[in-house]
There are 2 protein chains.
Amino acid sequence: MREVAVLGIGQVKIGEHWDKSLRELAGDAVLSAVKDAGLDQVDALFVGNMMSASANHQQQLGAYIADWVGLRYAEAFKLESACSSGASAFRSALLAVSSGVIDTAVAVGVEKMTDSPGAEITAELATAADSDWEVAQGISFVALNALIMRRYMMEYGWEKKHFAPFSINAHANGVHNPNARFRKPITEKQYLEAGMVSDPINLMDASPIGDGAAAIVLVPADRLHKITGNPMIKVIGSAAATDSIAVHDRKDPLWLKAAAISSQKAYQQAGLSPKDIDFFELHDAFSIMAALSLEASGFAERGKGPQLGLDGQIHPAGKIPIATLGGLKARGHPVGATGMYQLVEVVTQLRHAAKGSQVENATIGMAQNIGGSGSNIITHILERVN
Amino acid sequence: MREVAVLGIGQVKIGEHWDKSLRELAGDAVLSAVKDAGLDQVDALFVGNMMSASANHQQQLGAYIADWVGLRYAEAFKLESACSSGASAFRSALLAVSSGVIDTAVAVGVEKMTDSPGAEITAELATAADSDWEVAQGISFVALNALIMRRYMMEYGWEKKHFAPFSINAHANGVHNPNARFRKPITEKQYLEAGMVSDPINLMDASPIGDGAAAIVLVPADRLHKITGNPMIKVIGSAAATDSIAVHDRKDPLWLKAAAISSQKAYQQAGLSPKDIDFFELHDAFSIMAALSLEASGFAERGKGPQLGLDGQIHPAGKIPIATLGGLKARGHPVGATGMYQLVEVVTQLRHAAKGSQVENATIGMAQNIGGSGSNIITHILERVN
């Protein structure tokens, strides 16, 4: 197993890209990552995407994107694990390079959601839940998260207002991210008065969908990294775990066991513990998921996630900064692309290029991408080594 | 890189499984492969599937199937490359085990197509072609292959009847495969008189879709292989390559360049040439694809593929047996599962368990899985070593 490093990153601004096709979005991110890496070409392409079959009537994005970016004939596949498709693609690229089978790989997450009408998107997103035992009962994805949040509030005595810091922090950080969908700070009043989506989840608890693509070039750490002037950033932990796809099937629906397993494995590989992590790009698709991720990943005791926000510990100068470039809430959540945005943002922080929301002396960053309501969770730890 | 061996295989009969859900089909194949391997459990699951988002309204088949087969919490992903999704899952499992990251993995290909009405299936299959530059012009998948076949007949002077041996051989072999969709031999007369689908492709040139699942357990070759009494079967070659997704975009639409690249790489890894291959499970989704695969993989000169059939060289006692257990034409083509059926059949031959269509002393077998009209092609070579 070779050590693997990040050589280049690329991304497009998340938004409604009516003027760009799926392949153009992915292509823009891949080509800018390859350029950032100082390369002309890579050996393989791994694509993370969830919804292209339904939203864009296009499958086999491996060949589709490889050809578009000038990698015709290269090995190329699509990985899908719902909203963690991005990190799945990254992990596959990592495995391919670390095994020695591939020398240089690019992973890209891409999603073009605004081509589908709103009602269809809701149905398409629900394919991440259990079609027989959840969706057939009429549940949507936001409703599933609302049930989890309501239960959490009941079990641990939190009120709605205690979740405000997650959204306020994300929007405050998004201001500094030119690729974020929303770049306006919000107040606690705005949080509390936002329109209800599925009680207790309101608009300010829910991340916005969008069109986007983000990409990373991976190479063996002992080679090629001197091509660019960028610092060496190694992948020092990578792990994935699943849980039941149906939330009701878990003994404790308030414990993200797949996050606990994958983060523990990643810590072990890296020889680290939560206190060594300088910042954490977590999967705040809904505020409640931020709380649960912090707990399962060892940053807060069970049931205490919101306290970190109330204590002012989640902003860039806090004990465990999260959503440092806006998170899913403000940067946006183009589902199959999100995991790659998180990793691109970890690299941005480790390059000390995060500007207004830079975490000082950031050396070790973690990203965690969640598919379904916690059913497929992938954790990565990256380290800046020079 | 560790050597990797096949420890267990499992499959379900291809057909119209109105009484089984997607997860039951996949589960049946996985559990029978794990049982055949003599194991209770494996470390990771790789799922090949193309159409579940649209045909079954279910995504993230990694977690979905892992949970169903008792692998909750295990790492699990879905791979998609249209009709080569099965071999993509196998290659990913292979990489994971050979790299040392995973000790035991199961790859499963699954597709449940009969839940969708016929017209929808045609549209869903067309997502493997280029949505902008092929499908938007009204082309279907069979029409694309018909254009290729017509051009081939024109360029190389073949007539329709010269393709008959591909279909006759496949159906003759399918008789001996209890998991095949069709188990009746056909005559040349039946071939020539079959109803036209898209001229010159008639019903006997086109493989039938269906519901199915096939699975293989992979382990490091130096371990565990003594658990069962089965012979040791190693994976000695594995390679993947892409081509343009749109057929019109190729310099020569009659040359499967991705098959040439992936088979050459696989030969090189195995230290073999085409003459060393005892049998070849090729991707005869349409008769024309059998001819093109034989040519690009080095078994026939360019434009001479049909001659092998006319010379009686493709049946189990011929020079290069193909479709030995029915191929896509008679065994059936549940798209995302097909690549795994091909590999299960290679193992069946190497175990000398193919009964009436056994290739005598089969030691080295090759499988080639094609996604799209030749846009993502994966070649594997397996060897029986004791």
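This is a working chat about a predicted model with chains A and B.

Colleague: What should I know about the numbering and the filters?
Modeller: Residues are numbered from 1 along each chain as its sequence is written, and chains are lettered from A in the order in which they are written. The model is predicted: local features need pLDDT of at least 70 and side-chain atom pairs count only at pLDDT 80 or more, while totals for chains, interfaces and linings use all residues.

Colleague: How many helices and strands in chain A?
Modeller: Chain A has 13 helices and 11 strands. Those are DSSP runs numbered from the N terminus, with helices being H or I of at least four residues and strands E of at least two.

Colleague: What radius of gyration does chain A have, and what would a compact globule have?
Modeller: Chain A has 19 Å, which agrees with the figure near 21 Å for a compact globule of 386 residues. The radius is taken over C-alpha atoms, and the globule rule is 2.2 Å times the number of residues to the power 0.38. Along the principal axes, the C-alpha atoms of chain A fill a box of roughly 55 × 45 × 40 Å.

Colleague: What share of chain A is buried?
Modeller: Buried residues are 67% of the 386. Buried here is 20 or more other C-beta atoms within 10 Å of the residue's own, with C-beta atoms placed from the backbone.

Colleague: Where are the domains in chain A?
Modeller: Domain 1 covers 4–117 + 209–220 and domain 2 covers 233–384; the bounds come from an automatic or database domain assignment. Their centres, taken over C-alpha atoms, are 21 Å apart.

Colleague: How many residues of each domain are in contact with the other?
Modeller: In chain A, 36 residues of domain 1 are in contact with 29 residues of domain 2. Contact requires C-beta atoms, placed from the backbone, to lie within 7 Å.

Colleague: Which element gives the most to the domain 1 side?
Modeller: H4(A), with eight residues. That side divides into 22 nonpolar, 11 polar and three charged residues. Ala, Val, Leu, Ile, Met, Phe, Trp, Tyr, Cys and Pro count as nonpolar, Asp, Glu, Lys and Arg as charged, and the others, Gly among them, as polar.

Colleague: Switching to the chain interface: how many residues are in contact?
Modeller: 52 residues of chain B with 52 residues of chain A. The chain B side has 22 nonpolar, 22 polar and eight charged residues.

Colleague: Which strands are joined across the two chains?
Modeller: S3 (residues 75–80) of chain A and S3(B) run antiparallel, joined by three bridges; strands pair if DSSP finds at least two bridges between them. A:Glu80 stands opposite B:Lys78 there.

Methods
Contact = placed C-beta atoms within 7 Å. Buried ≥ 20, exposed ≤ 12 C-beta atoms within 10 Å, placed from the backbone.
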